[in-house]
Amino acid sequence: MVIPKDLVAASATPIILSILSNGDSYGYAIIEEVRRASSGELEWADGMLYPILHRIEKKGLVSSYFRIAENGRKRKYYKLKKSGKRELAQLRQHWTDLHNVLINLGGEQQCFA
Amino acid sequence: MFRLDHEVSKWCSALTRQGRFSASQVEELTDHLYNEVQKQQAMGVSEEKAFYLAIRKLGTIDELTVEYSKNQRIRHALSAIANVRYGAQVLGLYLMAVACLMSYATATAWFAYYSGEFTPPDTVPFVLAFAVIATFGWCGFKGFQLLRGRALSCGALLGLLALISIQVPIIGGLPVNGYEFSGGLQYAVLFGPLEYRLEFHPGADMHINTAFSEPYFGINIVALVAGIFIALNLIDRWRKDEAAVSHTTTAA
């Protein structure tokens, strides 16, 4: 089942922040991690990720730095900041609340049917 | 023979020419591209096919531009006038207006010459009329390209700068003669020994004063602003060309 685009867009920030909460990472690795975690159900257009990363960097949720990768090329890494951790906790709470609303309205069986 | 680094470099140059991507953003996308190529190759795909697959997955340059420009919409709206790209579009409209007004004025003057009802200096011969209309027709065409968001070459921008610059100065009332040439809207700020005044002249005008009057000097503000925008575009073009050249050199 492929997740609709609007849900993909809405969930992008919490997903990126969640991945970065496990450690610093870079664009390509983040996309691969999303594919792995969603078993391919969450399809991100590769080019969509970077503007989102830049947006959350501008918001001050993450910081970035360049490091030379194992292949010798410059690679941009992103690091979760304290404000990003707080934002992630809030977003997780929002998504949990929404999930609970759906459960309460339809029951777990119907909700995930 | 397919050369991966060369193809990636060409792709980066195309991105850089868009003017929406900073050097670090291009580097980031390049790293992504190489990672994807590496992954495809590990699955047994040829280098050439892997490159094209990676490009397709990343999105076309137009798609990337749309995605990246989402971050810039508010800033663009706030700095619409100062922004070179928006300035270029306003400038495009101005140049088209100049071309229309100048061509109309020249054609009218030529018809006057042809009909024989008027004598110089209110008439112009065919060769001069043709040259003026051709020159300003080119100017209008370049304006149309700017309006459509096309980037002009440095040569074209220099040509436009020359055409607009000659419309900036206004000199009048000198013992020999004066000079004034406006190919579009003119908002003149005039300074003289007797007065300071502002004058607004819509339409095209091209004349050399022969009548003596009090000397005055002025600036056509509209042409000056247009000239500044052309100069900004020119600087922008130079920077992009240099960035593209340095990127190609680095990659090579």
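These are my notebook entries on chain A, on the contact between chain B and chain A, and on one residue of chain B, all looked up in a predicted model.

**Entry 1: chain A**

I began with the secondary structure of chain A, where I count 4 helices and 3 strands. Reading from the N terminus, I find these elements in the order α-β-α-α-β-β-α. I then turned to burial, and noted that 38% of the 113 residues of chain A count as buried. For the accessible surface of chain A I have a value of about 6,700 Å², with 55% of it belonging to carbon and sulfur atoms. I also looked at how far apart in sequence the contacting residues lie: when I take the contacts in chain A between residues at least 6 apart, 48% of them join residues at least 24 apart.

**Entry 2: the contact between chain B and chain A**

Next I asked how many residues each chain brings to the contact. I find 19 residues from chain B and 20 residues from chain A. Together the two chains bury about 1,800 Å², and 46% of this area lies on carbon and sulfur atoms. On the side of chain B, I note that Glu28(B), His32(B) and Asn71(B) supply 32% of the area buried against chain A, which is more than any other three residues supply.

I went on to the polar side of the interface, where the count between chain B and chain A is 10 residue pairs in polar contact, both residues being at pLDDT 80 or more. The rule for salt bridges finds 4 of them across this interface. One that I looked up joins Glu32(A) to Lys39(B), with the closest N and O atoms 3.3 Å apart.

Which elements of chain B give two or more residues to the side that touches chain A? I list helix H2 (23-42), helix H3 (47-58) and helix H4 (61-69) of chain B. Of these, H2(B) gives the most, with 12 residues. Sorting the residues on this side of chain B by kind, I obtain 5 nonpolar, 6 polar and 8 charged.

**Entry 3: Gln145(B)**

Last, I looked up a single residue, Gln145(B), which I find in helix H7 of chain B, a helix that spans residues 126-147. Is Gln145(B) buried or exposed? I record Gln145(B) as buried, because its relative accessible area is 17%, and the cut-off for buried is under 20%. Setting aside the neighbours within four places in sequence, I find Gln145(B) in contact with Arg150(B) and Leu152(B).

Key: Residues are numbered from 1 along each chain as its sequence is written. Chains are lettered from A and ligands numbered from 1 in the order in which they are written. This is a predicted model: local features need pLDDT of at least 70, side-chain atom pairs count only at pLDDT 80 or more; totals for chains, interfaces and linings use all residues. Side-chain values use heavy atoms; hydrogens and water are left out. Buried means under 20% relative accessible area, exposed over 50%, partly exposed in between (1.4 Å probe, protein chains only). Contact means heavy atoms within 4.5 Å. Accessible areas come from the Shrake-Rupley method with a 1.4 Å probe; for residues, only the protein chains shown count as cover. Buried area is the accessible area (1.4 Å probe) that two parts lose on being put together, summed over both. A salt bridge is a side-chain nitrogen of Lys or Arg within 4 Å of a carboxyl oxygen of Asp or Glu. A polar contact is a pair of N or O atoms within 3.5 Å; within protein, one must be able to donate a hydrogen and the other to accept it, and residues adjacent in sequence count only if both atoms are side-chain atoms. Ala, Val, Leu, Ile, Met, Phe, Trp, Tyr, Cys and Pro count as nonpolar, Asp, Glu, Lys and Arg as charged, and the others, Gly among them, as polar.
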